[in-house]
Amino acid sequence: MKRPQSVLVLIHSPEGDILLIERAKHPGYWQSVTGSIEAGETPEQTARREVEEETGIVAPPEAFDRWHHTSRFEIYPIWRHRYPPGVTHNTEHAFSLCVPRDTPVRLAPDEHRDWRWLPWREALDAVFSWTNRDAIRMLTQRKRLNRHS
């Protein structure tokens with residue numbers, strides 16, 4: 001059973017493009033890296049583990065920017081069976097990771113089927129999760145990305 005604590009890691013290029021991955025079992029569901037915090041793990045450890053598992057990108061701890069921001073959201077009914085009975089909400093810890101666009105990406109095929117880099121405005125429209133959209137908007141403020149591109 002999953003714990004209702006997770007991370008969201010926005011992987012972005014220095015130019016402000018966002019790396020999105022598409023869920024294997026839900027085509028059309030594009031997102032940033034996400035994952036549940038396992039027992040005994042810190043959010044930072046989870047962020048590093050999930051980025052490596054889902055994209056193959058290995059980055060040192062200091063490369064991750066922990067935002068000290070959380071979002072609480074209702075777990076979609078299609079995924080509630082993964083959680084203990086009665087759990088309906090999750091708390092998500094936000095991180096970002098800046099890597100060059102030419103960084104090799106290796107997906108976990110059982111989890112994701114495709115990946116793409118998008119300008120941040122297009123990424124806003126592509127992601128299915130409101131917390132992911134909010135995080136992209138926050139990234140533009142945190143990193144002072146060109147808000148008109």
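Biologist: What volume does the largest cavity have?
Modeller: About 50 Å³. A cavity here is a set of points on a 1 Å grid over the protein atoms alone, where a 1.4 Å probe fits but cannot get out. Its volume is the space filled by probe spheres set on the points, which are joined across faces, edges and corners.

Biologist: What sort of model is this?
Modeller: A predicted one: local features need pLDDT of at least 70, side-chain atom pairs need 80 or more, and totals for chains, interfaces and linings use all residues. Numbering starts from 1 along each chain as its sequence is written, and side-chain values use heavy atoms, without hydrogens or water.

Biologist: OK. How many cavities of 30 Å³ or more does the structure hold?
Modeller: Just 1.

Biologist: Which residues line the largest cavity?
Modeller: Leu 8, His 69, Ser 71, Glu 92, His 93, Ala 94, Thr 131, Asp 134, Ala 135 and Met 138. Lining means having an atom within 4 Å of a point. β5 (64-74), β6 (89-98) and α3 (130-142) each give two or more residues to that lining. The elements are DSSP runs numbered from the N terminus: helices are H or I with at least four residues, strands E with at least two.

Biologist: Which element gives the most to the lining?
Modeller: α3, with 4 residues.

Biologist: Leu 8 is on that list. What does Leu 8 stand opposite in β4?
Modeller: Thr 34. Leu 8 falls in strand β1, residues 5-12. β1 and β4 (residues 33-36) pair in the antiparallel sense, over 4 bridges. Pairing takes at least two DSSP bridges.

Biologist: And how many bridges join β1 to β6?
Modeller: 8, and those two strands run parallel. In β6, Ser 96 is the residue opposite Leu 10.

Biologist: Why call β1 largely enclosed by the rest of the structure?
Modeller: Because 7 of its 8 residues are buried. Buried is under 20% relative accessible area, exposed over 50%, partly exposed in between, using a 1.4 Å probe and protein chains only.

Biologist: Switching to aromatics. How many aromatic pairs does the search find?
Modeller: 5 in the whole structure. Phe, Tyr and Trp rings (six-membered ring for Trp) pair with centres within 6.5 Å; planes under 30 degrees apart are stacked, over 60 edge-to-face, the rest tilted. One of the pairs is Tyr 29 with Phe 128: centres 4.5 Å apart, planes at 40°, so tilted.

Biologist: Where do Tyr 29 and Phe 128 sit along the chain?
Modeller: Tyr 29 is in the loop between β2 (18-23) and β3 (30-31), and Phe 128 in the loop between α2 (120-126) and α3. That is a link over 99 residues. Tyr 29 is partly exposed, at 28% relative accessible area.

Biologist: How do the rings of Tyr 76 and Phe 128 lie?
Modeller: Their planes are at 40° and their centres 6.0 Å apart, so this pair is tilted. Tyr 76 lies in the loop between β5 and β6, so the pair ties together parts 52 residues apart in sequence. Tyr 76 is partly exposed, at 38%.

Biologist: Which residues form one aromatic cluster?
Modeller: Tyr 29, Tyr 76, Trp 79 and Phe 128.

Biologist: Last one, His 112. Buried or exposed?
Modeller: Buried, at 3% relative accessibility. His 112 is in strand β7, residues 112-118.

Biologist: How far apart in space are His 112 and His 26?
Modeller: 8.9 Å, C-alpha to C-alpha, with their positions 86 residues apart in sequence.

Notes: 1 Å grid on protein atoms, 1.4 Å probe; cavity = no way out; pocket = protein on both sides within 12 Å on 5 of 7 lines; lining within 4 Å.
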